[in-house]
Amino acid sequence: MSEPLMATYNRLPVTFARGEGVWLWDTGGKRYFDALSGIGVCGLGHAHPAVQQALCEQAASLVHTSNLYRIGAQEILGETLTALAGMDKVFFCNSGAEANEAAIKIARLHAHNRGIERPAVLVTESSFHGRTLATLSATGNRRVQAGFEPLVQGFVRVPYDDLEAVETAAANRSNIAAALVEPIQGEGGINIPADDYLNRLRELCDGYGWLLMVDEVQTGMGRTGHLFSYQGNGIRPDVVTLAKGLGNGFPIGACLAQGPAARVLVPGTHGTTFGGSPLACRVAQTVIEILRRERLWDHASAMGEHLLAGFEQRLGGIEGVTEIRGRGLMIGIELDRPCGELVAQALEAGLLINVTAERVVRLLPPLILEQTEADLLVEQLSRLILGFLRAHPDLAASGS
Ligand SMILES: Cc1ncc(COP(=O)(O)O)c(C=O)c1O
């Protein structure tokens, strides 16, 4: 059936035919609650009418030209995004991995320009930055890297949320030029650092002359209760990467920068055929306008608190539930046992969830989630988790 496709994914046995808001319907007509939004992509939900209109109108006039020429929609989106993010400049690409590639290239070129011959980027354990060779090398997960050696050199890894380790790395290595971190680790298990982690990292980067590069691919675009998660810390990174929610499903990524980092890339140093096309930029501009008009980051914050309170009430203190945590609509329910099979059980029950880091049920519902839908999610998922825990006492505290 799917034989022509490379076996990159263990796909679930379902094909979706259409969507609306938080709902998806499969080809047989069964309805599903999408609590994952295509892994944090469709923040405005499926088939948003304004996104649909922007796509159709733009497709009817101009889809692609080239970065050989000026692109009006790219300039407009660039103005909007840099102003909102407090950045000076932006480079548009097509995915999160590409946005991080651009960031890593900026860090290296910036360092070379300052006479550091073999610069390194400080990265963290359990991080995820993408699947290209440089970004998988930056990623703190051996499974992502295994088999692809030799890895790209020039990364120094420290535990996440550990500033002492950053100081030790700085003391031992004079070639570190930048730090690349997620404000909350998504793939790594919805790991939320200390409230002032980014603030103190900013201070350390300033002290050492490093660029602070924040990977907002998953946390950005309103997901965690701010348009960009770092805004909750009141800091300004040097480089910010975005993708996922920026196009609500239309592929677009962005690498933003301010200060000296914004002036590093010059003609001939970087580029892309597709990045920042009229179509991609028109869609992203529409997504941002809706996010702003409806202040969906505030809504995400309120709905996130509602969900956390609901899950706490239904699952808090239950044996087998280790922690319920989240910020905005980026939520993790950690169990004391591997729980990957919950994904298929939820699918059967008409609910789309994800399990990451083996034991963490990850929820990234659309930001437009309404309270009644949130209540439904709490009810349905809590029932599934309780049933799973009852059925699998044997898995408790088994190997990771
Ligand atoms: C924090 C983070 N960075 C980068 C990426 C890679 O993005 P993409 O899959 O669009 O290349 C992801 C994807 O999950 C991510 O969560």
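A residue is taken as buried when its relative accessible area is under 20%, as exposed when that area is over 50%, and as partly exposed in between. In the predicted model described here, Glu 358 has a relative accessible area of 29% and is therefore partly exposed. Glu 358 is placed in the loop between strand 14 (354-356) and strand 15 (360-363), and, although it is not a glycine, Glu 358 has a positive phi of about 65°. Most residues other than glycine have a negative phi, and most peptide bonds are trans.

A positive phi is also found at Ile 39, which is likewise not a glycine and for which the angle is about 60°. Ile 39 belongs to helix 1, formed by residues 37-40, and because its relative accessibility is 33%, Ile 39 counts as partly exposed. Among the glycines, Gly 21 takes a positive phi near 60° in the hairpin of strand 1 and strand 2, where 2 residues lie between the strands. Strand 1 (residues 16-20) and strand 2 (residues 23-26) run antiparallel and are joined by 4 bridges, with Glu 20 standing opposite Trp 23 of strand 2. Gly 86, just after helix 3, takes a positive phi of about 70°.

The loop between helix 6 and strand 6 contains Pro 150, and the peptide bond leading from Glu 149 to Pro 150 is cis, with omega near 0°. Ala 146 is found in the loop between helix 6 (142-145) and strand 6 (155-158) as well. With a relative accessibility of 42%, Ala 146 counts as partly exposed. Between Ala 146 and Leu 136, which are 10 residues apart in sequence, the C-alpha to C-alpha distance is 9.7 Å.

Strand 9 (residues 239-242) is buried at each of its positions, with Val 239 and Thr 241 pointing one way and Val 240 and Leu 242 pointing the other way. Strand 9 is paired with strand 8 (residues 211-215), to which it runs parallel and is joined by 3 bridges; within this pairing, Val 240 is the bridge partner of Val 214. Strand 9 is also paired with strand 10 (residues 253-257), to which it runs antiparallel and is joined by 4 bridges, and here Cys 255 of strand 10 is the bridge partner of Thr 241.

Strand 9 and strand 10 are also among the elements against which the buried residues of helix 3 pack, together with strand 4 and helix 9 (278-293). In helix 3, the buried residues are Leu 77, Gly 78, Thr 80, Leu 81, Thr 82 and Ala 85. The length of helix 3 agrees with expectation, because its 14 residues, at 1.5 Å a residue, should span 20 Å, and its end C-alpha atoms are 20 Å apart.

Helix 3 contributes in addition to the second largest pocket, in which about 730 Å³ of space lies. The lining of this pocket comprises 29 residues, of which Gln 74, Val 90, Phe 91, Phe 92 and Leu 265 lie nearest its centre. At least two residues of the lining are supplied by each of helix 3 (72-85), strand 4 (89-93) and strand 10, and helix 3 gives the most, with 5 residues. When the lining of the second largest pocket is divided by class, 14 residues are nonpolar, 11 are polar and 4 are charged.

Enclosed space was examined as well, and the count comes to 1 cavity of 30 Å³ or more. The largest cavity has a volume of about 70 Å³, and its lining is drawn from several stretches of sequence, with Gly 40, Val 41, Gly 43 and Leu 44 among the residues that line it. Gly 220, Met 221, Arg 223, Gly 245 and Asn 248 line the largest cavity too, as do Val 287, Leu 291 and Leu 367. By class, the lining of the largest cavity has 6 nonpolar residues, 5 polar residues and 1 charged residue.

Conventions
Residues are numbered from 1 along each chain as its sequence is written. This is a predicted model: local features need pLDDT of at least 70, side-chain atom pairs count only at pLDDT 80 or more; totals for chains, interfaces and linings use all residues. Side-chain values use heavy atoms; hydrogens and water are left out. Buried means under 20% relative accessible area, exposed over 50%, partly exposed in between (1.4 Å probe, protein chains only). Two strands pair if DSSP finds at least two bridges between them. On a 1 Å grid over the protein atoms alone, a cavity is a set of points where a 1.4 Å probe fits but cannot get out, and a pocket is an open set with protein on both sides within 12 Å along at least five of seven lines; lining residues have an atom within 4 Å of a point. Grid points are joined across faces, edges and corners, and a volume is the space filled by probe spheres set on the points. Ala, Val, Leu, Ile, Met, Phe, Trp, Tyr, Cys and Pro count as nonpolar, Asp, Glu, Lys and Arg as charged, and the others, Gly among them, as polar. The expected span of a helix is 1.5 Å times one less than its number of residues. Contact means heavy atoms within 4.5 Å.
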